Amino acid sequence: ENPHHSLMAKITLDDNHPHLVGVCTVTPHVSAANNPQENAKTQLASAIHASSEGIIVLDTNLNIQVINKSARDITHCSADSVGSRIDACFSLFDGEALLSLERMLANTPSNDFMLDSVFWLKTTRGLDVQVALSAKPVFSEEGGLEGWIITLQHTAKASWMDKSDNDLRLD
């Protein structure tokens, strides 16, 4: 790794003759450990990728920014899906009609909106998988929409499934 250097120089007058005097020092590399904001981003990225739930982060245009391994396993999307529209990754249907997640999200961003339901998901390989899907908007401190967080879980693994009568119940 190439070290960074700091150079401090000044001109001095010695017997009315200018001289350039300087000091060059190696600047320590600024790592995540030295930068709390970068450290927090690194920890957040690690948590997303370590989660057993599928997590997909979308930008304001509903393009995939992050898709963790669990989400890739559920949807059969590849890591190359980053940058693609969410509807290119999978389709949803509620048992009667094909649904566009993009259309649902594009028309409803508000602070109190949250999609939290069970859907059938058609993967990129054409498989039908029942999933618990949650979609929540992310807003800036000023109130502007910054994107969406999508979480996915196979219904067989959903933590809120009432196993006594095999009915799915939403919290």
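Q: Over which residues does pLDDT stay under 50?
A: This is a predicted model, and the mean pLDDT of the chain is 78, with 77% of the residues at 70 or more. One stretch stays under 50, and the model has 19 contacts beyond four places in sequence for it. That stretch is residues 160–171.

Q: In what order do the strands of the open sheet lie?
A: The chain contains 3 helices and 11 strands. Of these elements, 7 strands form an open sheet with antiparallel pairing. The edge strands are β4 (64–67) and β6 (98–99), each of which pairs on one side only. The order is β4-β3-β9-β8-β7-β5-β6.

Q: Over how many bridges do β8 and β9 pair?
A: Strand β8 covers residues 128–139, and strand β9 covers residues 145–154. The two form a hairpin with 5 residues between them, and G143 in the turn has a positive phi of about 95 degrees. Within this pairing, A132 has Q153 in β9 as its bridge partner. The strands run in the antiparallel sense, and the number of bridges is 9.

Q: Which residue in β9 stands opposite L58?
A: Strand β3 spans residues 54–58 and pairs with β9 in the antiparallel sense over 5 bridges. β3 is also joined to β4, by 3 antiparallel bridges, where V57 has V66 as its bridge partner. On the β9 side, the residue opposite L58 is W148.

Q: Is L62 buried or exposed?
A: L62 lies in the loop between β3 and β4. Its phi is near 65 degrees, a positive value in a residue other than glycine. Most residues other than glycine have a negative phi. Because the relative accessible area of L62 is 5%, under the 20% cut-off, L62 is buried.

Q: What is the relative accessibility of H76?
A: H76 is found in the loop between α2 (69–75) and β5 (91–93). Phi of H76 is positive, near 65 degrees, in a residue other than glycine. H76 counts as partly exposed, and its relative accessibility is 22%.

Q: By how much of the helix are D73 and K69 separated?
A: The side chains of D73 and K69 meet in a salt bridge of 3.1 Å, N to O. D73 is partly exposed at 43% relative accessible area, and K69 is partly exposed at 48%. Because the two residues are 4 apart in helix α2, their separation is about one helical turn.

Q: How many residues apart in sequence are the parts that E102 and R85 tie together?
A: The side chains of E102 and R85 meet in a salt bridge of 2.9 Å, N to O. E102 lies in helix α3 (residues 101–106) and R85 in the loop between α2 and β5, so the pair ties together parts 17 residues apart.

Q: Which member of the E102 and R85 pair counts as buried?
A: R85 has 38% relative accessibility and counts as partly exposed. The relative accessibility of the other residue is 13%, which is under the 20% cut-off. The buried member is therefore E102.

Q: How far apart are the closest N and O atoms of D128 and K122?
A: A search of the whole structure finds 3 salt bridges, and D128 forms one with K122. D128 is partly exposed at 42% relative accessible area, and K122 is partly exposed at 33%. The closest N and O atoms are apart by 2.9 Å.

Terms used:
Residues numbered from 1 in each chain as written. Predicted model: local features only at pLDDT ≥ 70, side-chain atom pairs only at ≥ 80, totals over all residues. Heavy atoms only, no water. Pairing = 2+ DSSP bridges. pLDDT = per-residue confidence, 0-100. Contact = heavy atoms within 4.5 Å. Buried < 20%, exposed > 50% of the residue type's maximum accessible area, 1.4 Å probe, protein only. Salt bridge = Lys/Arg side-chain N within 4 Å of Asp/Glu carboxyl O.
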